[in-house]
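This report goes through a structure element by element. The sequence and the model come first, then the description.

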Protein chains: 2
Amino acid sequence: MPKIIGHNYIGGARSAVGTVTLHSHDASSGEALPFVFTQATAAEVDAAAQAAASAYPAFRALSANRRAEFLEAIAAQLDALDDDFIALVTRETALPTGRIQGERARTSGQMRLFAQVLRRGDFHGARIDRALPERQPLPRVDLRQYRIGVGPVAVFGASNFPLAFSTAGGDTAAALAAGCPVVFKAHSGHMATAEQVADAIIRAAEQTDMPKGVFNMIYGAGVGEALVKHPAIQAVGFTGSLAGGRALCDMAAARPQPIPVFAEMSSINPVLVLPEALQLRGEKIARELVASVVQGCGQFCTNPGLVMGIASPRFTAFTALLSALMNEQPAQTMLNAGTLRSYRNGVQALLEHPGVSHLAGKPQQGNQAQPQLFKADVSLLFNGDPLLQEEVFGPTSVVIEVADNAELQQALRSLHGQLTATLIAEAGDLQRYGELLPLLEQKVGRVLFNGYPTGVEVGDAMVHGGPYPATSDARGTSVGSLAIERFLRPVCYQNCPDALLPEALQNANPLGISRLVDGHHQRTPL
Amino acid sequence: MPKIIGHNYIGGARSAVGTVTLHSHDASSGEALPFVFTQATAAEVDAAAQAAASAYPAFRALSANRRAEFLEAIAAQLDALDDDFIALVTRETALPTGRIQGERARTSGQMRLFAQVLRRGDFHGARIDRALPERQPLPRVDLRQYRIGVGPVAVFGASNFPLAFSTAGGDTAAALAAGCPVVFKAHSGHMATAEQVADAIIRAAEQTDMPKGVFNMIYGAGVGEALVKHPAIQAVGFTGSLAGGRALCDMAAARPQPIPVFAEMSSINPVLVLPEALQLRGEKIARELVASVVQGCGQFCTNPGLVMGIASPRFTAFTALLSALMNEQPAQTMLNAGTLRSYRNGVQALLEHPGVSHLAGKPQQGNQAQPQLFKADVSLLFNGDPLLQEEVFGPTSVVIEVADNAELQQALRSLHGQLTATLIAEAGDLQRYGELLPLLEQKVGRVLFNGYPTGVEVGDAMVHGGPYPATSDARGTSVGSLAIERFLRPVCYQNCPDALLPEALQNANPLGISRLVDGHHQRTPL
């Protein structure tokens, strides 16, 4: 058994002064695991935020290279976690061993990606306009700009990625890379996992001599509200439901000092299957699409929840094949009882809707999720029916048939913001339906061609974002290296003596980074 | 007399279906000018937002070069406005002719700066991660990312910069550069000026064949609320009071789809006068500081509203000199009656505060603003007294004396967010008080050394921003080329055929821009 004491992580120490306790559960059996977690009190939430605030001046003052070493040490600590850890995560989440091993590699990979970003140095956003003392009618002063971390960041992890979007996940990595200490709210679905990962982060922080309070973690239900409202917190990262994310946005906006919230919330990720592709490889598409819908029990933010095609005998046959394939899919265990309850309610709402017909899937009962397929009338989209706009989290999808290209465009215009949209299309389709692309660009963060949205590559070019309600701010991404920009803000120095400037802005360019100098990008010293 | 018809600008046409009319006024005499403006009706606000939404797909699809030509045409139209125009602006604002001529040059200069940004191409944020089909355990797909305009932007201009922060001002320039059509709410303080500038923009739009609706303008009191709440509007730019800006933020956050608001609001811009500088050039500093406080009747966002120094006989003498100099400053006419009323109230509140003493200035009466100097006890800062945190807009400043370095640091920690902070310091001061700089960086958008904050250079490196309440989002700037980033969001393409990619992301790199390819910045074609 791993050593799990269930105390909150505050300023490099552990604290459990409260009396409310919580258990984590075996996701498959529902039984409580023998670990007790002590919910943070109001005073502990305050202490965690204060610890992060105390760490901020020292942490942001560290060189980018030192922060990169910290992230790499976290990566190494994650990679070093043993099989008992993997077994613990699978027990708390019902996710298979191979998936958790892969997700662990992704999580340490994210840390290393941000270390690369720190060493590349473009995140500094260094800009220099040198003085022009002879300029007419007025001389120009010397102005230099770079970016610093905004301050302590509160992070709320996701249930569905217990590693990659949780304690040491993408938001934590981006915030730490930006020089922002983190207060992490442990997800109730995998608290023992959270503790093991937090221990790994703390070991890395000690190894690399980071300020105490650079990473803090609190347990408990309802502690998130006090955290988001705490004056020391300067930004929020969240992955979860629309209701939960919006509640945090509203709290953050109502603070005496409003702060930005980057919430990744709800997306139904439309997949458009166009005629030529359907004709050439309809069966293959059906198999791939069903596999994408049920993969990981459909518990992905980018799960394809809407399949659209243009009415034709071929699309009718495609829908029949989708139904037959979906009927063959086995039930799967979900992340936890709450997730299964939500899925059951979502499926029930679709079953009861007069504009929706049930195409495939066994009755939803018992302790596992039954894959389902529905068909909805396109008028539901035109009329803004909320049932077709909000994600049903789990292995289900809805087919929509449109009469023609014009109706397809109208349907896409009716959609809310999405993380992804996918075009399954041949060259002739793309020529014929070329106007779809600009339309989709306005609706989503990522447009895919002939792929399925459930794989989210972590790299420089990924966007895991999109207009509301996919996220609360379309200008960010929560996957990939651009995520660091959410937690940075520019600061400008006017006529600052060279010795007092940050290294990124000094004449000698000691970091050797690319800088925008008098309107031109260059690496040369001044 | 210029031709002013006072109709709203909607989709390239003029509209005045309402019955509520407004007049602009001669700022010096208070008399109504012979121009009638028709307040936009709810239907007209809707039509203006819809016109911007209709223009968005075509406008954002234009090449950056075409948008640059539009901005340059606006600049040329502004430069071509004649002496009658300058006379009109001075009449509506009581700002002197030389200032308005300079501001006009600044306004057209801003347009040209953003044209440069568009041609430089780094605003695209182009990132390419090429496919790695052989990668283990999973192949990597081809991912490409660039940034597009967020959609129609609502802009609220400032009273104090009738050109540079108004109709064709910085926010409008940044939004248009980003590919976002604009709906501008004309400021009630200079509606005739707004009309002449809007005409110039429309002429430029027609010359360069921009889509109708790329720029719209509405008149009226209270029309801003409907604009910010309109579903087509995707972001807001605002310069003005804390109360006004916060109200817009709250409205935007409460929308079904929340949108970002970039409001530049309230700053008291502390100036720290350190001992060695005081000893070497105290008299010069006093003269420069008083000049900065009363410049343009103190009507600058960066007006130095707080002067801080360490108690000493020399600082006492400095304060006395400041008082004597302030007593010599003439009264000046403010922008309009509302501004004068606010100034009178602000001065009165300072006079009545038991912790504040009046050092200099004639009784505030009549139609002009009397320059004033006050002294406040530092305990007011420690106790968070709101009077010392919010800007009194006009020619006034407050001196605060601290006992020592520790008290100075405590005072700075007590400050809210600011646009600027200034260190008046010699080398010895900077050595002795070196810890002040990291503290100030956390509080402000721009730190100045031995200058005065009232000049705001427009360039790549300027930051006119800062933590709340200086602005509503410290991650932006409303002056300088970085301002474009507020109105851009990333979009990602996965396995997109080269011919369908935007030029910024095509293999051949037809724009010749620098791109982040597989983690390295390069301009070479792929």
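## First shared sheet

In this predicted model, 12 strands with mixed pairing make up an open sheet in the order 21(A)-20(A)-5(A)-6(A)-19(A)-18(B)-17(B)-12(B)-13(B)-16(B)-15(B)-14(B). Its edge strands, each paired on one side only, are strand 21 (520–522) of chain A and strand 14 (356–360) of chain B. From one strand to the next, the twist averages 25°. Strands (E, at least two residues) and helices (H or I, at least four residues) are DSSP runs numbered from the N terminus, and two strands count as paired if DSSP finds at least two bridges between them. Axes are lines fitted to C-alpha atoms, for helices over the stretch in contact, and angles run from 0 to 180 degrees between N-to-C directions.

Within this sheet, strand 5 of chain A and strand 6 of chain A are antiparallel and share 3 bridges. Ile128(A) stands opposite Arg144(A) of strand 6 of chain A. Helix 9 (residues 275–294) of chain B packs on the sheet and touches strand 12 (270–273), strand 13 (306–310), strand 16 (396–402) and strand 17 (418–424) of chain B; the direction of helix 9 makes about 150° with that of strand 12 of chain B. Helix 10 (residues 313–327) of chain B also packs on the sheet, touching strand 12, strand 13, strand 14, strand 15 (372–376) and strand 16 of chain B. The direction of helix 10 makes about 60° with that of strand 14 of chain B.

## Basis of the values

Residues are numbered from 1 along each chain as its sequence is written, while chains are lettered from A and ligands numbered from 1 in the order in which they are written. The model is predicted: local features need pLDDT of at least 70, side-chain atom pairs count only at pLDDT 80 or more, and totals for chains, interfaces and linings use all residues.

## Second shared sheet

Another open sheet of 12 strands runs 14(A)-15(A)-16(A)-13(A)-12(A)-17(A)-18(A)-19(B)-6(B)-5(B)-20(B)-21(B), with mixed pairing. Strand 14 (356–360) of chain A and strand 21 (520–522) of chain B are the edge strands, each pairing on one side only. Neighbouring strands are turned by 25° against each other on average, direction ignored.

Strand 5 (residues 127–129) of chain B and strand 20 (residues 515–517) of chain B are parallel and joined by 2 bridges. There, Ile128(B) stands opposite Val517(B) of strand 20 of chain B. Helix 13 (residues 405–414) of chain A packs on the sheet against strand 13 (306–310) and strand 16 (396–402) of chain A; the direction of helix 13 makes about 135° with that of strand 16 of chain A.

## Chain contact and symmetry

The contact takes 59 residues from chain A and 59 residues from chain B (two residues are in contact if their C-beta atoms, placed from the backbone, lie within 7 Å). On the side of chain A that touches chain B, strand 19 of chain A gives the most, with 7 residues. By class, that side has 32 nonpolar, 15 polar and 12 charged residues. Ala, Val, Leu, Ile, Met, Phe, Trp, Tyr, Cys and Pro count as nonpolar, Asp, Glu, Lys and Arg as charged, and the others, Gly among them, as polar. Strand 19 of chain A pairs in the parallel sense with strand 18 (residues 444–449) of chain B over 3 bridges, and Gln494(A) has Leu448(B) as its bridge partner.

A turn of 180° and a shift of 0.0 Å along the axis lay chain A on chain B with an RMSD of 0.0 Å (least squares on the C-alpha atoms of residues with pLDDT of at least 70 in both copies). The two copies are thus related as by a two-fold rotation axis. The C-alpha of Ala253(A) is the nearest to the axis in chain A, at 3.2 Å. Of the interface residues of chain A, 100% are also interface residues in chain B, so the copies meet through the same surface.

## Helix packing

In chain B, helix 4 (residues 97–120) and helix 5 (residues 170–177) pack at an angle of about 25° with their axes 9 Å apart. Helix 4 of chain B and helix 5 of chain B are therefore roughly parallel to each other (under 35 degrees; over 145 is roughly antiparallel, 65 to 115 roughly perpendicular and the rest oblique). The contact of these helices has 7 nonpolar, 2 polar and no charged residues.

In chain A, the axes of helix 2 (residues 64–79) and helix 6 (residues 191–207) come within 8 Å and cross at roughly 135°. Helix 2 of chain A and helix 6 of chain A are therefore oblique to each other.
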